[in-house]
Amino acid sequence: MLELRTRVALGAVVLFAVTSVVASGFALAPPSGVSAEVKAALLWVVVFFAAVAGLSRAFVVEEETRTADALRLAVSPAGVFMGKLAFNVVLMWALCLITVPLYLVLLEAPLGNASLLLTIVMLGSSALACATTAVGAIVAKATMRGALFGVLSFPVALPPLLVAIHATKAAWLSENAWRVAMGDLQVLMGFILVIVPASLLVFEHIWSE
């Protein structure tokens, strides 16, 4: 709830994403000739950097306000991590709820298979939230946490980012979109199912140090 009161993450994420989408819309709107493949990649690049801009502070606020010790006494490490993760997932869904429709309108991107696109956006944004939350927990006590977060989050978030881009292209362009994107959806789901338990295993040691 601290994040909601300070509105740090929410303001940073939404402001960055909306600004990026509007600027891209003016620069790349038809008849610029930008292909749907490039538009799919650009959409997820905007979502990824918005996540990096806002979610990197998931565990920083308690350290800066010196409330981390109280939180350690009140809530188990697993509860803290799952609470932060739940907030970040909801924040990413809210971000995509604003960004994706705006992106489709301004860049005149094809809607394609709407139900598949919605599934991709929810799974892809959830995977990015899981990746950035895990990295945010690792770098929370670091001195140069901003630079360290960028360095560590890139290799962790790159696999789901590439898969989400490929699946989005399938949703926009393929006639058998669900069949083409099914493997990508399974990879995104598998990524979430792997990184969340792995993060829980290491978070207790990180949080108690």
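Is T132 buried or exposed? With a relative accessibility of 1%, T132 counts as buried, because buried means under 20%. Keep in mind that you're looking at a predicted model, so every value here is computed from that prediction.

**The overall build**

Let's step back and look at the chain. The protein chain has 209 residues, and 44% of them are buried. It holds 9 helices and 0 strands. If you walk along from the N terminus, the order of elements reads α-α-α-α-α-α-α-α-α.

**Three residues and their partners across the chain**

T132 sits in helix α7, and helix α7 is also home to A114. S199, on the other hand, belongs to helix α9. How does their accessibility turn out? A114 has a relative accessibility of 41%, so A114 is called partly exposed: that value falls between the 20% and 50% cut-offs. S199 comes in at 8%, which is under 20%, so S199 is buried.

Each of these three can be paired with a residue from another part of the sequence. Here are the pairs, with the gap along the chain and the C-alpha to C-alpha distance in space:

| Pair | Apart in sequence | C-alpha to C-alpha |
|---|---|---|
| A114 and W172 | 58 residues | 8.7 Å |
| S199 and V135 | 64 residues | 8.9 Å |
| T132 and F154 | 22 residues | 9.2 Å |

To try one in the viewer, click on S199 and then on V135: you'll be looking at two residues 64 positions apart along the chain, with 8.9 Å between their C-alpha atoms.

**A charged residue on the inside**

Now for D184, which is found in helix α9, the helix that covers residues 177-208. D184 is buried, yet it has no salt bridge. Why not? A salt bridge needs a side-chain nitrogen of Lys or Arg within 4 Å of a carboxyl oxygen, and the nearest side chain of opposite charge to D184, K169, is 8.9 Å away, so the pair doesn't qualify. What D184 does have is a polar contact: its side chain and that of H166 are joined at 2.6 Å.

**The second largest pocket**

Finally, have a look at the second largest pocket, which has a volume of about 220 Å³. Its lining is made up of 13 residues, and C96, L97, V100, L118 and V121 are the ones nearest its centre. Which elements give two or more residues to this lining? They are α6 (77-106) and α7 (114-139). Of the elements, α6 gives the most, with 7 residues.

What kinds of residues line this pocket? The count is 13 nonpolar, no polar and no charged residues. So α7 turns up twice in this tour: it holds T132, and it also helps to line the second largest pocket.

How values were computed
Residues are numbered from 1 along each chain as its sequence is written. This is a predicted model: local features need pLDDT of at least 70, side-chain atom pairs count only at pLDDT 80 or more; totals for chains, interfaces and linings use all residues. Side-chain values use heavy atoms; hydrogens and water are left out. On a 1 Å grid over the protein atoms alone, a cavity is a set of points where a 1.4 Å probe fits but cannot get out, and a pocket is an open set with protein on both sides within 12 Å along at least five of seven lines; lining residues have an atom within 4 Å of a point. Grid points are joined across faces, edges and corners, and a volume is the space filled by probe spheres set on the points. Helices (H or I, at least four residues) and strands (E, at least two) are DSSP runs, numbered from the N terminus. Ala, Val, Leu, Ile, Met, Phe, Trp, Tyr, Cys and Pro count as nonpolar, Asp, Glu, Lys and Arg as charged, and the others, Gly among them, as polar. Buried means under 20% relative accessible area, exposed over 50%, partly exposed in between (1.4 Å probe, protein chains only). Lys and Arg count as positive and Asp and Glu as negative; His and the chain ends are not counted. A polar contact is a pair of N or O atoms within 3.5 Å; within protein, one must be able to donate a hydrogen and the other to accept it, and residues adjacent in sequence count only if both atoms are side-chain atoms.
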